[in-house]
Structures are given as C-alpha cells and as structure tokens.
Amino acid sequence: MNIIIIGAGNVGFTSAETLSTVHNVMMIEKDALRADTVKNMLNVSVLHEDGTNPKILELAIEKHDADIIVSTLPSDGLNLFVCIVSKKCRPALRTVATIKNPDYMITTTSEGDVGVDMIISPEIISSNKIFKLATLENVVDYETIKSLGLAIATFRVSGSQSIVGNVILNLDIPDECNIVCIYRGDDVIIDVETAEIRPEDRITVIGSERGMEAFNAMIGIEEEALEFVILGAGVVGMNVAKALSKMNKKVYVKIIEENTDLCREAARTLTDAIVVNSDSLDPHILKTENVGRADVLISVTDADKKNLLACMASLKFGTRKVISRYLTREYKDIFRFTGIETIIRYHLIIANEITKGLISDEDSILKMKHESEYFFSVKIDAKSPLFNHFFGDLDIPEGVRFAAVLRNGRILYPKYDTNFKENDRVLIYAYMSKMSAVKKLLGKNMPGL
C-alpha cells in the first residue's frame with residue numbers, strides 16, 4: 001500500500017520506520033533538518049512542505065496515489081484537520097490521527113463520523129499499560145492485542161516464590177492463558193514444558209485479561225499492591241490515577257507535580273488522592289513523601305531526565321516496584337543499565353499500534369524484546385500444510401512455538417490433539433528460526449526473515 005505520514009517527529013519517524021518495512025511510504029515535513037534526517041535514515045520518500053496545507057495534501061495524495069494517510073503532528077487539532085481534509089480529497093482514503101489529549105478523542109467513521117478512520121493515542125495506551133503493570137504485582141511488561149481480545153505479559157519470578165524449582169509441565173496453568181517463552185538472562189527458552197523455573201526467570205504468557213490475573217495469582221503474590229505514588233499529573237499520570245481510584249479495593253494514591261495549575265486540576269478531579277505540589281526530582285521531597293514505602297512508584301513526567309533520576313532515587317529508597325517511561329529513544333540504553341526493569345518505551349508503543357492497525361497480522365502483530373523475535377499469525381485454508389493436521393503430529397522447527405488458535409471467535413491453546421481447521425488463525429511466536437523450515441511448516445515466509 002501507499003502511505004503518507006505527516007510530521008517527522010518522534011511519532012512520525014517511528015511510524016515511518018515501522019511501515020516502510022512492508023509498505024511504500026512518503027513523509028511530509030516542513031522542517032528542513034528533520035526532512036533531511038528522515039531522507040538519510042529511512043527508506044522513504046520525503047516531501048519538504050507544510051502537511052497542513054490543503055493544496056499540498058491534495059497534490060501529495062494524487063502524486064503518491066495514497067491508500068492511507070497518518071497525521072502525527074504535535075497538535076491534536078491539526079491531526080484531525082489533516083484527516084478531514086484528506087478524506088475530502090479522496091473519500092476512499094483511510095485516515096489515521098494520533099491524539100494526546102483525551103478531549104480530542106472523537107468517534108471514527110466506523111462509529112458514524114466522517115473524516116477519521118482510526119485514532120492512535122500513545123498517552124491513553126501508555127496509561128492502560130501502566131495500570132496493568134502497577135496492579136499485577138509480578139508483571140514487568142504488558143501488551144494488548146485488542147483486535148483479538150488477548151494480552152501478552154511477562155512475569156518476573158523472585159527467589160522466594162513457591163513455583164521456583166518446579167517444571168512447567170507440572171504446574172496448574174490457568175485455563176485462559178498459555179506460556180510463550182521464558183527469558184533467562186540473555187537466553188530465550190521456547191521448549192518451556194520441560195523447563196525448570198529458576199529465580200529471576202521472566203515468563204511470557206499470552207491469554208485473556210482474566211487469565212493474566214489468574215497466572216499472577218498462581219505465581220504467588222508476596223505483598224499486594226495497595227499504595228501508589230505517581231510523579232507527574234499530565235495526561236498519563238491522571239489517567240492512571242483515575243483507573244486506580246475505580247478499583248474494587250481500597251488503594252492509596254499520591255501524585256507529586258511541580259506545575260501548580262496541574263496540581264489544582266488533579267486535586268479537583270481526584271477527590272480520594274493526595275496531591276503534592278513539589279519538584280519530583282528533589283530527593284529530599286521523595287524521602288519526605290515516603291516513596292520508599294510505596295508498593296509502586298510510577299514516574300510519567302514529560303522529562304526523561306526527571307523520570308530517570310527520580311526512579312533511581314526511589315530504588316535507593318527501597319520502593320518495591322518502579323515503573324517509568326521515556327519519550328526519546330536515545331534514552332533506551334541509559335534506562336536499561338540503571339536496573340529499572342518496568343519501562344514504557346514510547347516509540348515501541350507507537351510501533352506496535354501502527355503494526356496492529358496498519359500491517360496485516362500475517363506480516364507482524366507485535367515487536368518483542370529482541371530484534372530476532374517475531375509474533376505474527378497465519379490463516380489456514382484448504383491448501384495450507386497445517387490443514388487437517390494434529391498439533392502433536394507437526395514437525396515444528398527449532399525456535400517456533402504455536403501460542404494460540406482463533407476459531408469462530410474462540411481462543412484455543414494448542415494441545416497434542418488439536419486438529420487445525422480451515423479459517424483457523426494461528427498465533428505464532430518465533431525466535432532465531434530458519435526461514436526455510438518455517439516456510440515448509442506454514443507454506444509461506446515468516447515476516448522479517
């Protein structure tokens with residue numbers, strides 16, 4: 001497909017980087033330096049113009065013969081405007097707007113409005129993800145596949161939990177989930193059934209939200225998360241606080257924010273939370289506010305440096321679980337080497353949403369931890385090598401794992417007697433697999449190899 005992306009900022013660059021692996025991408029950017037950067041770093045065509053100009057939009061849509069337009073400008077209003085104007089130029093065009101402020105979340109064309117077909121909000125997605133990370137005590141990473149009604153979570157095993165020393169095959173795994181792989185240091189274990197669980201293992205699981213809660217309980221909850229400290233009262237911080245306040249149990253929420261206006265708004269909106277107007281970067285404030293006593297600290301200010309330093313201080317004070325985010329991808333290695341394990345990678349959220357929304361499931365569903373990891377799906381037809389075969393009879397290549405099967409709206413987790421039928425969609429995880437072996441098994445190439 002031919003795709004136009006408006007804006008070469010963090011969101012636009014990541015979108016172009018993701019989509020250009022599969023589609024023909026043109027980027028429109030009015031800043032000369034950014035336009036040159038994209039031209040030199042990505043395999044896309046670049047138009048150095050103002051993407052909000054209706055005449056420029058019409059010309060670009062015609063010239064590129066666009067199928068999709070993605071507007072990723074810093075202004076939510078401009079993104080909606082670009083989509084509406086583009087739709088007028090070519091009604092069949094699929095339009096995508098990125099939105100930060102929840103107030104700008106409008107209904108899409110599928111819900112009755114004309115102009116915007118899809119809305120991607122990294123802030124809302126980040127909020128939902130952080131809420132899950134904060135309330136599932138053993139989880140260090142959490143992704144959703146909304147279109148399939150599934151989630152993928154990574155659970156950390158501590159040395160004191162009762163499952164340590166058990167073989168996966170002997171565990172009573174909850175019905176609504178399935179283990180995908182185990183991360184052990186730099187190694188990835190795919191033949192999980194015979195693996196013995198060790199302290200510090202990271203177990204990645206696919207399943208329903210209820211299945212994730214059940215798996216979290218099965219591992220063992222050493223101390224229930226009830227006390228939360230949030231640094232930053234912006235969109236993400238406020239959404240997380242609101243979600244925590246709606247839980248079916250009594251929790252304690254404290255927000256620390258330097259901006260006085262945001263503090264006033266937080267105090268007005270969150271009647272059950274404590275709001276502190278202070279600098280979250282000040283170690284004295286963090287100590288005075290007893291962040292070390294909190295079950296979870298969530299740092300979501302708009303400054304990566306603040307998030308980094310505040311989280312490092314909180315770890316020193318003894319906070320049991322620290323969740324942070326970074327907005328600039330250059331901070332990736334810095335965060336990784338600090339010991340902060342639960343990190344929200346803004347660019348990865350964008351890439352995954354773009355992938356799930358605009359790239360076929362048979363090309364990719366999610367980006368995983370390593371570059372050589374893939375999570376994708378294949379649909380079975382009468383010509384597929386899997387058709388009418390039992391799972392237990394398959395010669396599955398090394399590095400490939402069948403995670404789940406979607407059949408008539410139901411989720412099945414493969415067992416030896418699972419017989420693959422026409423129109424089944426099989427979700428597959430692969431790590432460092434040989435393309436020839438995967439092609440033989442599936443009858444098609446695996447994405448990225």
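What joins the side chains of Thr301 and Asn307? A polar contact of 2.9 Å does. The model described here is a predicted one.

**Around Thr301**

Thr301 sits in the loop between β15 (296–299) and α10 (304–317). Thr301 is buried, with a relative accessible area of 11%; the cut-off for a buried residue is under 20%. Besides the link to Asn307, a polar atom of the Thr301 side chain lies 3.2 Å from the backbone oxygen of Ala303. Not counting residues up to four places away in sequence, Thr301 touches Leu231, Gly232, Ser280, Lys306, Asn307 and Arg325.

**Nonpolar cores**

The largest nonpolar core has 48 residues, and Ile230 and Ile298 touch the most other members. Helix α7 (residues 235–245) supplies the largest share of this core, five residues. When neighbours within four places in sequence are left aside, the contacts of Ile230 include Gly237, Val240, Ala241 and Leu244. Ile230 is also in contact with Val253, Lys254, Ile255, Ile256, Ile298 and Val300. Another core, of 24 residues, lies apart from the largest one, and among its members are Leu42, Leu327, Ile350 and Leu358.

**Helix α13 and the strands it packs against**

Helix α13 covers residues 435–442, and in it Val438, Leu441 and Leu442 are buried. These residues lie on the same side of α13 because they cover an arc of only 80 degrees around the axis. In an α-helix there are 3.6 residues a turn, so residues three or four places apart point the same way. Ser436 and Lys440, on the other side of α13, are exposed. Just after the helix, Gly443 takes a positive phi of about 85 degrees.

The buried residues of α13 pack against three strands: β19 (373–379), β20 (400–407) and β22 (425–431). Of these, β22 is largely enclosed by the rest of the structure, because six of its seven residues are buried. Strand β22 pairs with β19 in the antiparallel sense over seven bridges, and Ala430 in β22 is the bridge partner of Tyr374. Strand β22 also pairs with β20, again in the antiparallel sense, over six bridges. Here Tyr429 in β22 is the bridge partner of Arg401.

**Aromatic pairs**

The structure holds four aromatic pairs. A pair of rings is described by the distance of the centres and the angle of the planes. Two of the pairs are set out below.

| Pair | Distance of centres | Angle of planes | Type |
|---|---|---|---|
| Phe391 and Phe402 | 5.7 Å | 45 degrees | tilted |
| Phe391 and Phe420 | 6.4 Å | 75 degrees | edge-to-face |

Phe391 lies in the loop between β19 and β20, while Phe402 is in strand β20, so the tilted pair links parts of the chain 11 residues apart. The edge-to-face pair ties together parts that are 29 residues apart in sequence, because Phe420 lies in the loop between β21 (410–412) and β22.

How are Phe391, Phe402 and Phe420 linked? Ring pairs link them into a cluster. Phe391 and Phe402 are both buried. The relative accessible area of Phe391 is 17%, and Phe420, at 0%, is buried too.

Note on methods
Residues numbered from 1 in each chain as written. Predicted model: local features only at pLDDT ≥ 70, side-chain atom pairs only at ≥ 80, totals over all residues. Heavy atoms only, no water. Buried < 20%, exposed > 50% of the residue type's maximum accessible area, 1.4 Å probe, protein only. Helix = DSSP H or I, 4+ residues; strand = E, 2+ residues; numbered from the N terminus. Arc of directions from axis to C-beta. Contact = heavy atoms within 4.5 Å. Phe/Tyr/Trp six-rings, centres within 6.5 Å; stacked < 30°, edge-to-face > 60°. Pairing = 2+ DSSP bridges. Core = buried A, V, L, I, M, F, W, Y, C linked by side-chain atoms within 4.5 Å. Polar contact = N/O pair within 3.5 Å; in protein donor to acceptor, adjacent residues only side chain to side chain.
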